[in-house]
2 protein chains.
Amino acid sequence: MVAISVNKNAHPFDKTRLDALLNRRFFYAPAFEIYGGVAGLYDYGPPGSALQANIIAEWRRHFIIEEHMLELDTTIMTPAPVFETSGHVARFADWMVKDTKTGDVLRADHLVKAVLEARLAGDKEARGLASQPVKEDDKKKKKKVKTTAVKLEDRVVAEYENILAQLDNYSGPELGQICRQYSITNPDTGNEVSEPQQFNLMFASSIGPTGQHPGYLRPETAQGHFLNFSRLLEFNNGRIPFASAHIGKSFRNEISPRAGLLRVREFTMAEIEHYVDPENKSHERFGEVRDVMLALLARTTQASGRTEVSHMSVGDAVAKSVVANETLGYFLARVQQFLLRIGIDPARLRFRQHMANEMAHYATDCWDAEIHNSTGWTECVGCADRAAYDLSVHSAKTGHSLVARQALKVPIVSEKLVPEFNKKNFGKTFGRDSSAIQQTVSGFSEEGLAKLHGELAQGSTIISANGKEFTLTSDHLSIERKTIKQSIREFTPNVIEPSFGLGRILYILLEHSFWCREQDVERGVLSLPPIIAPTKVLIVPLSAREEFDPLVREVSLKLRKAGVYSRVDDSNTSIGKRYARNDELGTPFGLTLDFASVQKRTMTLRERDTTGQLIGDIDGVISVVTDLVQGTIAWADACKTLPAYDGVQAVD
Amino acid sequence: MVAISVNKNAHPFDKTRLDALLNRRFFYAPAFEIYGGVAGLYDYGPPGSALQANIIAEWRRHFIIEEHMLELDTTIMTPAPVFETSGHVARFADWMVKDTKTGDVLRADHLVKAVLEARLAGDKEARGLASQPVKEDDKKKKKKVKTTAVKLEDRVVAEYENILAQLDNYSGPELGQICRQYSITNPDTGNEVSEPQQFNLMFASSIGPTGQHPGYLRPETAQGHFLNFSRLLEFNNGRIPFASAHIGKSFRNEISPRAGLLRVREFTMAEIEHYVDPENKSHERFGEVRDVMLALLARTTQASGRTEVSHMSVGDAVAKSVVANETLGYFLARVQQFLLRIGIDPARLRFRQHMANEMAHYATDCWDAEIHNSTGWTECVGCADRAAYDLSVHSAKTGHSLVARQALKVPIVSEKLVPEFNKKNFGKTFGRDSSAIQQTVSGFSEEGLAKLHGELAQGSTIISANGKEFTLTSDHLSIERKTIKQSIREFTPNVIEPSFGLGRILYILLEHSFWCREQDVERGVLSLPPIIAPTKVLIVPLSAREEFDPLVREVSLKLRKAGVYSRVDDSNTSIGKRYARNDELGTPFGLTLDFASVQKRTMTLRERDTTGQLIGDIDGVISVVTDLVQGTIAWADACKTLPAYDGVQAVD
């Protein structure tokens with residue numbers, strides 16, 4: 001009997017072991033390592049690159065292809081006026097404080113969090129309550145604040161907990177006030193810190209040889225979508241709603257990133273901008289996700305200092321106005337489906353609504369998909385309703401109309417006052433000033449025109465234009481009531497934006513996939529699902545001897561034809577060691593070719609998690625492993641199809 | 001009878017028409033267009049993004065998967081010391097001149113080329129020889145220099161032609177000398193230009209909040225490979241040769257880019273770094289490409305002022321030392337295979353060898369795959385032998401060993417002089433200075449040690465270390481001749497680098513694919529091969545009426561299961577107009593669903609280039625179109641399988 005499940009919880013999660021594995025197998029590594037590295041910059045090695053490419057391919061399939069989104073690839077280097085208009089130059093900043101003696105720079109909210117959490121932990125210790133022991137290693141790497149067992153007053157504990165629950169809600173001056181009130185100093189030196197100052201998180205540069213055209217590296221891909229809105233709408237034959245999608249690099253000059261892939265200065269994003277009629281945010285496919293259950297942490301819950309989630313269906317959440325509209329709800333469900341599909345643990349996923357002060361300057365509502373990991377809950381996907389903010393500001397700045405048009409089935413009929421000019425008399429009396437006067441009058445409100453009408457009836461009126469005053473009589477114009485029939489409605493679409501940080505998702509997925517074998521904690525395994533595993537099948541010939549070459553070639557070729565990506569490992573080490581290496585690389589299946597394979601055309605199939613092995617003829621095994629990789633059968637099904645391999649195979 | 005070929009050369013290539021098509025269908029557009037645009041920055045719209053994604057997928061299949069390369073995704077924002085070491089800070093620059101009155105900036109070599117070519121064209125005109133008429137439109141866009149019919153002396157014509165043939169070979173001062181000698185001024189203003197000055201092409205920025213860590217955006221991905229060399233070698237189990245590969249964005253702050261996608265400031269590259277033993281640059285798969293014919297333009301031909309290519313096989317080229325080694329030859333052949341596979345015209349592809357002064361500072365040999373287009377020959381893939389340059393300089397700078405090791409079958413045995421220290425006496429006499437003295441002596445050459453040996457034999461010697469002098473006797477050390485057995489050979493690998501500019505290839509491919517229908521020049525077609533076409537199959541229901549919905553869904557689903565990417569066009573316009581739009585988008589096949597489809601389950605299949613139509617039952621047509629898209633059959637084969645459709649289909 002081959003086991004079909006295995007105990008993955010025999011050992012508690014150990015971040016140090018996972019980090020060592022990821023480093024050893026070159027999933028990723030600090031960039032410029034031989035130059036001492038730069039905080040917040042990482043390079044992906046072969047397995048990390050492949051994992052990232054597979055996550056991107058699945059994202060493209062799940063969103064762009066499945067929902068017929070319009071893909072873009074826009075420019076990273078952006079001239080300053082774009083981000084002046086979008087508000088990023090003024091507001092895309094974090095609050096930093098400086099150590100008043102050393103000049104070291106710290107992020108203000110991170111400082112408050114680290115110090116208060118350490119004091120709360122010290123309080124627990126002093127009260128004799130359970131407190132996680134902190135390993136020396138971890139402490140050093142994460143620059144955690146040292147915990148001292150000091151009991152706090154109950155009132156102070158409550159205040160600290162309240163501050164921490166609302167941390168994202170504070171402005172810079174408020175953070176400064178908290179530092180003073182609670183004597184928060186730089187934990188590395190004990191020195192006081194300065195008042196918080198804003199630091200803009202965009203990398204600045206200059207475009208062209210003259211130095212006169214400042215530019216920034218984009219901190220998000222979104223503006224590239226908005227600037228192309230008119231072209232996209234035309235490409236979509238003028239129809240709305242539709243969505244654009246963009247996978248690409250963005251940059252944020254973080255103040256002092258120390259959290260591995262969770263906070264970096266250069267990262268791959270995948271962003272969707274879904275353009276929708278502000279008067280109708282329903283979604284035609286909402287019915288398909290209505291029953292999807294979500295774990296929601298609403299704004300109101302957080303404001304009361306609590307963090308427990310409500311489990312409800314998307315349908316209920318929209319019906320009860322917990323989530324603002326169908327389109328936002330639809331995307332929350334689709335985001336969850338994507339994350340679960342690539343292997344995120346459903347029990348460690350929640351959607352947290354932004355609090356009022358926390359939202360980006362453009363958003364009217366925002367829910368973050370947060371995923372739990374060894375550092376706590378981390379935002380991985382932001383789902384914001386940006387309303388009409390972006391299209392409106394770019395349109396106002398550039399004078400380009402960024403609107404959609406809708407043919408009205410029933411035209412809107414209305415009456416209003418309209419000025420009718422006698423152009424001939426205008427020209428005679430006012431010459432070159434005529435058009436300025438007419439423009440001024442045309443700009444009048446309904447009320448203004450009514451007043452003008454009354455004045456003209458009494459003889460004349462005086463109008464200011466071009467800095468002068470002009471006297472108008474009924475020879476020059478009349479004000480008339482007309483019926484206006486409007487058959488086209490023009491509107492600025494609202495934008496619903498799901499924005500994915502792929503590096504964060506990739507890292508947390510590695511945490512959720514990692515475990516150590518019950519019988520040997522040194523043997524780590526990454527249980528990545530086949531669809532995103534860097535390599536699907538490892539082909540392991542007994543040795544690099546030439547007699548195995550024809551079979552290795554045959555099996556490789558047949559797998560390639562079946563669309564299964566395999567690699568051969570004929571390195572000069574035992575089969576067991578080769579499999580252990582590939583357990584660390586997350587390779588789900590292994591095929592062993594030995595002397596029996598040459599003689600009898602049989603092959604064994606090994607499953608990564610259970611290490612169970614089956615045996616069969618070469619073509620039969622290829623067929624089973626193809627089904628396993630494509631997810632059409634599970635390992636339990638394979639065990640019913642092929643006989644178990646007992647580890648001994650007769651060779652004639 | 002359905003036509004299986006069509007006349008694509010009825011109308012001469014018209015760049016204005018192609019540009020209009022690419023703009024209209026949003027293949028790409030100037031970035032930040034509504035802000036007035038920025039020279040050299042472009043955004044890709046939906047068809048351009050899809051075309052790029054398909055070219056990248058094919059590149060990944062052809063190189064990374066087929067050759068088991070190790071893929072990387074490294075960091076764009078790079079700290080300055082890396083590019084100081086690589087030589088880019090000092091030397092990655094172009095020569096620019098300034099208009100002495102307006103301050104306008106021009107690239108020096110482009111100025112010389114434009115002015116001399118215009119003078120030669122004017123000479124031809126004056127001699128009454130055929131000269132291409134220049135359209136007013138083109139002239140304006142490309143900032144071409146106005147041609148005036150002025151006859152030149154034969155001697156001058158020869159000089160100009162000689163300068164143009166060697167243009168890439170001149171230094172900045174030489175370009176300045178040419179400007180003075182031939183009175184070359186700014187053609188836009190007639191003003192004199194300044195002496196050429198160097199302008200570094202890297203975008204500069206600053207990393208972190210202190211402003212003390214300058215950085216550059218990488219101008220190539222290559223350094224990211226080299227810095228990770230040790231990790232890659234370990235990942236490859238210490239074996240060499242192997243290759244790393246990286247697809248990603250790079251940035252060059254071009255002086256005044258005016259050539260559309262052919263010269264841009266931000267672009268997607270695909271780079272391979274193949275690490276090879278400098279003493280053995282053979283390639284194990286060379287036999288597979290030995291007979292591939294290449295069009296080669298060698299350095300020696302260009303130096304004699306000529307530009308005609310030699311056609312020879314890769315095998316011959318390497319045997320005759322035209323191409324330096326097998327590995328470089330192998331990659332030239334593989335590059336050509338890739339370019340032809342995605343649709344580049346083989347008659348418009350050549351490999352040009354770099355001239356000595358033209359090569360990048362790191363290269364020892366370099367061949368460019370150049371592709372002919374409406375602007376002339378353009379470098380699209382650079383194939384350089386970078387020798388050991390990069391690994392050597394980074395190793396020297398950082399002190400990290402970047403070498404490969406080879407177990408020697410026969411150990412190398414040699415004799416040499418070795419100092420043997422008496423540590424005890426050393427400590428007694430010299431205390432803390434001991435190790436510095438020993439290091440100094442250990443660094444001596446064979447000759448130095450022999451001299452020392454002689455001096456010790458005569459009593460004593462004086463050594464300088466730590467800025468002081470020390471007297472050593474045979475109590476402290478002896479110099480002995482020892483036999484050294486070396487069983488591991490250590491070497492710095494050489495690097496062969498094929499480097500692809502994907503945007504240039506994409507644009508030129510569009511030129512090579514574009515033509516206009518014989519009967520109507522207004523009807524443009526992009527004959528993109530199915531493997532890279534943005535959409536493979538267009539599904540065209542007669543109208544958006546609901547009765548077609550079930551069939552549209554069925555056909556879409558069956559195509560998706562067969563791995564064929566299709567789109568539905570049910571927009572409110574005639575079928576003919578919808579097909580014309582998709583001819584412009586390069587969609588190779590169309591499926592029409594009409595009332596007969598609903599009644600009889602038949603469907604018509606249209607081929608883009610010939611506009612020929614076939615008919616069959618739905619499943620039969622899906623099977624044929626799947627084979628067509630996968631390239632297992634050609635249109636001529638399909639015409640034998642399915643009957644021709646005469647455009648009239650009976651409905652009961």
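The contact between the two chains of this predicted model draws 82 residues from chain B and 82 residues from chain A. The size of an interface is often given as the accessible area lost when the parts come together. By that account, chain B and chain A bury about 6,500 Å² between them, and 59% of this area lies on carbon and sulfur atoms. On the side of chain B, the residues that lose the most area to chain A are B:Ile34, B:Tyr35 and B:Arg231, which together supply 13% of what that side buries.

One of these residues, B:Arg231, also takes part in a charged pair across the interface. It forms a salt bridge with A:Glu33, in which the closest N and O atoms are 2.8 Å apart. The count of salt bridges between chain B and chain A is eight. Polar contacts across the interface of these chains involve 40 residue pairs, with both residues of each pair at pLDDT 80 or more. Helix H2 of chain B, residues 46-65, gives the largest share of the side of chain B that touches chain A, namely seven residues. Sorted by class, that side of chain B comprises 38 nonpolar, 24 polar and 20 charged residues.

The cysteines form the next topic. A disulfide is a covalent bond between the sulfur atoms of two cysteines. Over all chains, the structure holds zero disulfides. For A:Cys383, the reason lies in distance: the closest cysteine sulfur, in A:Cys366, is 7.2 Å away, which is too far for a bond because a disulfide requires the sulfur atoms to be within 2.5 Å. A:Cys383 is also buried, having a relative accessible area of 1%. In chain B, B:Cys516 has a relative accessibility of 7% and therefore counts as buried, the limit being under 20%.

A charged residue of chain B, B:Lys281, completes the picture. B:Lys281 is located in the loop that runs between strand E11 (266-276) and strand E12 (293-297) of chain B. Is this lysine buried or exposed? With a relative accessibility of 17%, B:Lys281 counts as buried, because this value is under 20%. Its side chain makes a polar contact with the side chain of B:Asp385, at 2.8 Å. Leaving aside residues up to four places away in sequence, B:Lys281 touches B:Asp385 together with B:Val276, B:Asn325, B:Glu326, B:Thr327 and B:Asn494. B:Asp385 is thus named both as the partner in the polar contact and among the residues that B:Lys281 touches.

Conventions. Residues are numbered from 1 along each chain as its sequence is written. Chains are lettered from A and ligands numbered from 1 in the order in which they are written. This is a predicted model: local features need pLDDT of at least 70, side-chain atom pairs count only at pLDDT 80 or more; totals for chains, interfaces and linings use all residues. Side-chain values use heavy atoms; hydrogens and water are left out. Contact means heavy atoms within 4.5 Å. Buried area is the accessible area (1.4 Å probe) that two parts lose on being put together, summed over both. A salt bridge is a side-chain nitrogen of Lys or Arg within 4 Å of a carboxyl oxygen of Asp or Glu. A polar contact is a pair of N or O atoms within 3.5 Å; within protein, one must be able to donate a hydrogen and the other to accept it, and residues adjacent in sequence count only if both atoms are side-chain atoms. Helices (H or I, at least four residues) and strands (E, at least two) are DSSP runs, numbered from the N terminus. Ala, Val, Leu, Ile, Met, Phe, Trp, Tyr, Cys and Pro count as nonpolar, Asp, Glu, Lys and Arg as charged, and the others, Gly among them, as polar. Buried means under 20% relative accessible area, exposed over 50%, partly exposed in between (1.4 Å probe, protein chains only).
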